[in-house]
Amino acid sequence: MICPACGTENIQGDDLCVNCGTELMGADKPQPSSSFEERLVNEPLSALVEVEMLSLGPEASVAEAVRLMQERNVGSLVVEQDGRVIGIFTEVDALMKLTDSGSADQPVGQLMTTDPVVLRANDSVAVAIHKMAIGGFRHIPLVDEGRATGIVTARDLFRHILSVIA
Amino acid sequence: MTTEAAPRREIEVRELDRVTIRFAGDSGDGMQLTGSQFTRTAAVFGNDISTLPDFPAEIRAPAGSLPGVSGFQISFASEDIHTPGDQPDVLVAMNPAALRTNIGDLPPGGALIVNTDAFSANNLRKAGYESNPLSDGSLKQHTVFEVPITTLNARSVEGLDMSAKQVDLTKNFFALGLMFWLYGRTMEPTLRWIADRFKAKPVIGEANARALKAGYAFGETTEMFHTKYHVAPARLSPGTYRNITGNEATALGFVTASRLAGRDLVYGSYPITPASDILHSLATYKNFGVRTFQAEDEIAAIGSAIGAAYGGALGLTASSGPGIALKSEALNLAVMVELPLVVVDVQRAGPSTGMPTKTEQADLLMAMFGRNSDSPVPIVAPATPAECFDYAIEAWRLALRYMTPVIYLSDAFLATGAEPWRVPSPEDLPDISVENHTDRATFQPYARDPETLARPWAVPGTAGLEHRIGGLEKAHLTGNVSYDPDNHHRMQLMRAEKVARIADDIPPLEVHGPAEGDLLVLGWGSSYGAIRSAVERLRDEGHSVAHAQLRYLNPFPSNTGDVLKAFKRVLVPEVNMGQLSMLLRSRYLVDVVGFNRVRGKPFRISEIRSAAEAVLAGRPIEDIANQPSEDESDSFSASGQGLA
Amino acid sequence: MEEQRSNGNGSQPGNGSRPGNGSQTGAGAAAPADVPLSPENEAVIKLSRKDFVSDQEVRWCPGCGDYSILAQTQKTMPEFGYPKENIVFISGIGCSGRLPYYMNAYGFHTIHGRAPTLATGLKIANPELMVWVITGDGDALSIGGNHVLHSMRRNVDIKLVMFNNRIYGLTKGQASPTSEMGKRTKSTPAGTVDFPVQPLSVALAAEASFVARSVDTHTEHLQATLERAGHHRGSAFVEVLQNCNIFNDGAFRDFTERDVREDRMLVLEHGKPMVFGKDRDKGIRLRGLHPEIVQLGNGVSEDDLLVHDEQAEDPYLAFMLSRMWWPEFPVPVGVLRQISRPTHDQLVSGQVEEARAQKGEGDLAGLLVAGETWTVE
C-alpha cells in the first residue's frame with residue numbers, strides 16, 4: 001500500500017513504512033467511506049433512545065403477554081428465567097403462532113422465539129442493522145451478562161438514522 | 001507563529017544521568033516513528049541508549065481500542081546502560097487506551113503527558129474508562145501535563161494543502177518536538193531526515209517540519225513546564241556506531257559469516273514470530289549470494305539447510321520454540337552425519353503456542369536434550385543485540401571447524417530491542433573458512449582430525465570421493481553402515497568428545513567484579529543488562545558481588561567450575577523454571593540458587609537486586625520470584641491475544 | 001529385518017572410474033524440457049554400469065522388485081554422459097531407502113519422508129548436480145506427502161522415483177496410502193478403511209512437470225523411462241510399480257505378468273493413438289468426459305482414438321490417464337506428461353544474478369554501516 005505520509009509504495013500488510021517509518025497499521029484497515037457510515041460504525045446502541053423494556057417469565061400466559069404489549073404499545077417483550085434471557089415474544093410470533101382460542105392460554109415460553117439474537121449496549125448501531133437485515137427480525141434484546149437491559153427495535157434504528165442524516 | 005516577547009519564566013535545567021521515556025498511542029499516532037526518531041537523536045548526541053519497541057497485540061485493531069496500543073520505550077544516559085529501563089520516568093500517552101494500558105508502569109511522581117484532544121467520550125468508552133481519568137483524580141500521584149496536541153498541531157500546519165487525515169499523521173512530530181525541548185535535544189538530525197524521506201511529498205515534509213518546530217516552540221513558551229532536563233553524552237569508545245536490533249544483527253552476522261567462510265549462505269525457514277524478520281532481512285541480501293527459501297513447513301526448512309550443507313554451502317535455519325521442536329529429528333540427522341549447520345532459536349514464551357510476542361529463555365534444555373538418544377550439540381547464546389552479530393559468526397566458526405550443527409539461542413527481547421553497535425570493519429573479523437576434502441588417496445568418510453575429531457567434508461561434485469552418508473550408525477573411519485556394538489559405543493564417545501573439546505577453543509568465562517566473594521550472579525542470554533546493572537549498584541553499596549554471563553552453554557567454558565566455587569553463593573536468574581541451574585548443579589555439584597520468573601518480560605534491575613539481597617541475607621527467594629508485580633497493566637501492550 | 005552387520009571393508013571407488021573433467025554446465029537460461037546434462041566438453045569419459053556398482057552387498061529380500069530397479073538405474077546412469085561425481089542419490093526411509101548404499105555415487109540416506117527437502121536445499125547450493133530422490137509409497141505419500149506436493153510445484157530439478165509396492169515393507173507389513181480398501185495387513189487385520197490415493201493424480205495435482213509410470217520387471221521400459229526422467233529439466237515424478245514378494249506379493253500381477261501385459265496395459269507414446277492388446281486391436285476413445293475401450297474394426301479405426309499428447313500444457317488428458325486402472329481399463333505406462341517450466345534453482349539463481357546486476361556485488365563494509373550511523377571520536 002502507498003504510505004499516506006511519504007507516498008512510498010510498501011508491500012501490502014507491512015506494519016511500518018519502509019521509507020519514513022510511519023505506522024501503516026492504522027491506514028490499511030477498511031475505513032468507512034462517509035461520515036454517515038462512520039457514525040453508524042462507531043456509535044453504540046446505548047446512544048439510542050431507551051425504550052421501556054417489558055419482561056415476563058416463561059410460565060406467564062400468552063394472553064397476559066399480549067395484553068401487556070397492547071397496554072404499553074410495544075411490539076415485543078423479553079422472556080427471562082433465573083436472570084437470563086431465554087426468549088423473545090414479538091407481534092410477529094403472536095400473528096403467526098396464535099391460531100385458535102386455545103393458544104392464548106399457553107405459557108408464553110411455548111410460543112416465544114427461543115435463544116434470540118442478542119447484543120450488548122456498547123455494540124455498534126451498524127451491527128444491529130446488519131443482524132436485523134440478515135436475520136429478518138425487528139427486535140434485538142440487549143444483555144449484560146445474560147440479563148436483559150433493554151431492547152432495540154427497527155423503529156429505534158430508523159429514528160436514529162433520521163437524526164444522523166437530518 | 002509569532003510570540004511576543006513574553007517575560008522569560010524561570011526554567012530550571014536539571015542534570016540527569018539517565019532518563020526513560022515511554023511513548024504510547026494508537027497505531028495511527030506514529031509512536032514507533034516518534035520513538036525511533038528520538039532514539040536516533042539521542043544516539044547522535046552521544047548518549048548510550050537502549051530501546052524496547054512494543055507492537056500492538058493484534059495485527060490490526062480498531063482505532064482507539066486496547067489491543068491497538070503501540071508503544072516504544074527508550075532509555076538514554078550519560079553512562080553506560082544495559083537495559084531499556086525498568087519503569088519509565090515519563091509516559092507520553094496519545095489516547096485513553098494508551099494511558100490505560102501503560103499507566104500502571106509509571107511510578108508515583110512520574111511525569112505524564114497526555115493528548116487531551118483524544119480524550120473524547122467515545123475513546124474513553126473504547127478504553128473501558130467509566131470516568132475521565134484526567135478529571136476524576138485517579139492520576140493525582142503523577143505530574144500530569146495536559147496538552148491539546150491534536151489541536152495545536154493542526155494549527156501549526158494551517159494553510160498547507162492537506163487532508164484532515166494527513167494533518168493527523170503529523171501530530172507525532174509535534175509530540176516529538178515537545179520532547180526534544182524537554183530534554184534539550186536538537187531538531188537538526190530529524191529535520192534533515194524529514195527533508196530526505198519526504199522528498200516525494202514536499203507538502204507533508206513541510207508539515208512535519210512545522211509540527212516538530214511547533215512542538216518545540218510550545219515547550220518553550222507554555223507556562224506548563226518549569227523544568228528541562230539535560231543528559232550529558234556518555235563515554236563510548238571511539239568508532240562508527242549504528243543502532244541495531246538483535247534480529248538485524250543476527251542477519252548481518254550470518255551474511256558476514258558467509259563472506260568470512262567463503263561459502264554461499266542458504267537459508268531455509270518458515271515464518272514464525274519472532275524469527276520471521278530474519279528471513280525478511282536475509283531475503284534482501286541476494287547480491288551477497290544469499291539464497292533464502294521459504295519452505296512449506298519447519299521440517300522442510302531444516303531439511304533444505306541440511307541438503308545445502310551436504311552440497312558445501314552454509315546451511316542455516318531459524319525459528320522459535322514450536323518450530324525447533326518440529327526440527328528435532330532432522331537436527332539429529334545432522335548430528336549423525338556430522339555436517340555443519342546452524343539452527344537459530346529466537347525463544348518466546350511457551351509451552352506450545354504460548355505467548356508468541358513475549359520473551360522467555362526456556363528452550364535451553366530442549367537445545368541440550370530435545371533429540372532422541374544422546375545427541376550433543378554445541379550451544380551459543382548472545383547476551384545483547386550487538387552480540388547477536390558476533391555470535392552468528394562464532395556459531396559458524398564452530399560448526400565449520402568441528403563439522404557439527406550448532407544451536408544459537410536468541411529471544412524475543414534481544415530480537416526486537418536495540419542498542420548502539422560499534423560497527424567493525426571486515427578486515428578485523430576472523431577468517432573462519434575450512435577446506436573441502438579433495439584428496440582421494442587419504443579420504444575416508446569417518447576418519448577424524450586428530451585435534452578436533454571432525455570428519456572430512458567431501459562435497460558432491462568432487463571427483464573420486466563418492467561415498468554414502470545417512471542416519472544409520474556408521475563404522476569408524478569407513479563410514480559403512482554398522483551395527484557393531486562396540487563401534488556404536490565408540491562413536492557415541494567420539495561425538496561427545498568432539499563437542500567437549502570445544503571448551504579448549506573458546507574464551508574462559510569472564511567475571512565482572514571480584515574474582516571471589518559472597519555472591520556470584522550468573523546468567524545467560526538477554527538477562528545480561530538487568531544483572532549487570534543490578535550487580536553494579538550492589539557493588540557501589542559495598543557488597544561483595546560479581547556478575548558473569550555465559551555465552552557458551554554447551555560445552556561450558558573450561559573455567560566455569562572454578563568460577564562457581566570461588567563464591568559462597570551463586571544466584572542464577574532465568575526467565576524459565578530453572579534450566580541453567582539444573583545443568584550447573586548436575587555438572588558441577590554446586591548448590592546454585594535459581595531466581596525464576598516467567599512473566600513474558602525481561603528482568604527488571606530491581607527484581608535482580610531484590611533477589612541478590614535476599615540471597616546475601618539468607619532469606620528465601622521464592623517469595624520474590626512468585627510475587628506478582630505492583631504494576632496493574634500486564635505489559636505495555638494490551639493484555640489479550642497476540643500473533644502466532 | 002534391518003540390515004545385518006556390514007562387511008567392514010573400506011568402500012573403494014568403483015572399478016575403472018576416472019576423475020571427471022569437472023567442468024560445470026552453464027546455469028540458467030530457460031532450458032527446453034529435454035536437454036542432456038552432459039558438459040560442454042566433448043571428451044566425455046564414457047562410464048559403464050559397473051562404475052555405479054558399490055561394494056556393499058545388497059540386502060533386499062531375494063525376489064524383491066528393488067533389485068531390478070537398482071539394475072536399471074545403474075544401467076541408466078552412464079547414458080547421461082555425466083561425470084559420476086555430479087550424480088547424487090537421496091533417499092528416505094523404507095526398503096527403497098537402501099538404494100544409495102548400493103550405488104557407487106554420492107548418496108545420502110535421510111529421514112522418513114524428508115528426502116525432497118534435502119534435495120531442494122542441495123539443488124539450491126549446487127544446481128549443477130543431477131539429484132535423484134529415491135522414495136516409496138509410504139515415504140512419499142504418507143509422512144512425505146507435503147514435501148512431494150511442494151517440491152513438485154516448485155519444479156525443483158529432481159528426479160523422484162517412487163517405488164510403489166502398496167505396503168510398508170521395511171517395518172514388516174502395514175498398510176500404506178496406496179493399499180487397496182479392505183486390505184488385510186498386520187496393522188489392519190480387519191481390512192483397511194482408508195481409501196487409497198492415486199500417486200500420479202497427486203503428482204499432477206502438485207503440478208509436476210514430468211509424470212511417468214513404469215514397472216519393476218519391465219526392464220527395457222523402466223530403463224527408458226528413467227532415462228527420460230533424467231533428461232528432463234524440472235521436477236520428474238516416476239511411479240514404479242514394484243513387487244514386494246514377502247509382504248504383498250502379486251499386487252500388480254494381474255496386469256503386469258508377461259502373458260497378459262500386452263492386453264492389460266497401455267503403453268503410452270507421444271503423438272500416437274492409444275492402442276493396446278496383443279494383436280493391437282483395442283484402443284481408447286473419448287466418450288463425453290470419460291475414456292472408453294473400443295475394439296478396432298467394424299467401423300472403428302485408429303482415427304477415432306485418443307492420441308496421446310505429453311506436452312499439453314493443461315493436464316486434463318494426463319489426469320484422465322492417471323485415473324485409469326485395471327480391471328476397468330488397461331493400466332497406462334510411460335510418460336503421461338512432460339512440459340517445460342523454469343526450474344526452482346534457475347529461478348533462485350536468477351534472482352541472485354539479477355540482484356547482483358542491479359546492486360552490484362555485495363559490499364560487506366558498506367552493508368555493515370548502512371542506515372544511520374554516527375561517529376565517536
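Q: How many residue pairs are in polar contact across the interface of chain C and chain B?
A: In this predicted model, the rule finds 25 such pairs, both residues of each being at pLDDT 80 or more.

Q: Which elements of chain C give two or more residues to the side that touches chain B?
A: They are β2 (106-109), α2 (115-125), α4 (145-153), α10 (344-359), α11 (364-368) and β12 (373-376) of chain C. The most comes from α10(C), with eight residues.

Q: What makes C:Arg154 and B:Glu296 a salt bridge?
A: The cut-off is 4 Å between a side-chain nitrogen of Lys or Arg and a carboxyl oxygen of Asp or Glu. Here the closest N and O atoms are 2.6 Å apart, so the pair meets the rule. Between chain C and chain B the count is two salt bridges.

Q: How much area is buried between chain C and chain B?
A: About 5,900 Å², with carbon and sulfur atoms giving 62% of that. On the chain C side, C:Tyr106, C:Leu368 and C:Trp374 lose the most area to chain B, together 15% of what that side buries.

Q: Why is the span of helix α1 of chain B called close to the expected one?
A: The expected span is 1.5 Å times one less than the number of residues. Helix α1 (residues 31-45) has 15 residues and reaches 21 Å, and the expected value is 21 Å, so the two agree closely.

Q: What makes α1(B) mostly covered?
A: Buried means under 20% relative accessible area, and 12 of the 15 residues of α1(B) are buried. Among them are B:Met31, B:Leu33 and B:Phe38.

Definitions and conventions:
Residues are numbered from 1 along each chain as its sequence is written. Chains are lettered from A and ligands numbered from 1 in the order in which they are written. This is a predicted model: local features need pLDDT of at least 70, side-chain atom pairs count only at pLDDT 80 or more; totals for chains, interfaces and linings use all residues. Side-chain values use heavy atoms; hydrogens and water are left out. Helices (H or I, at least four residues) and strands (E, at least two) are DSSP runs, numbered from the N terminus. Buried means under 20% relative accessible area, exposed over 50%, partly exposed in between (1.4 Å probe, protein chains only). Buried area is the accessible area (1.4 Å probe) that two parts lose on being put together, summed over both. A polar contact is a pair of N or O atoms within 3.5 Å; within protein, one must be able to donate a hydrogen and the other to accept it, and residues adjacent in sequence count only if both atoms are side-chain atoms.
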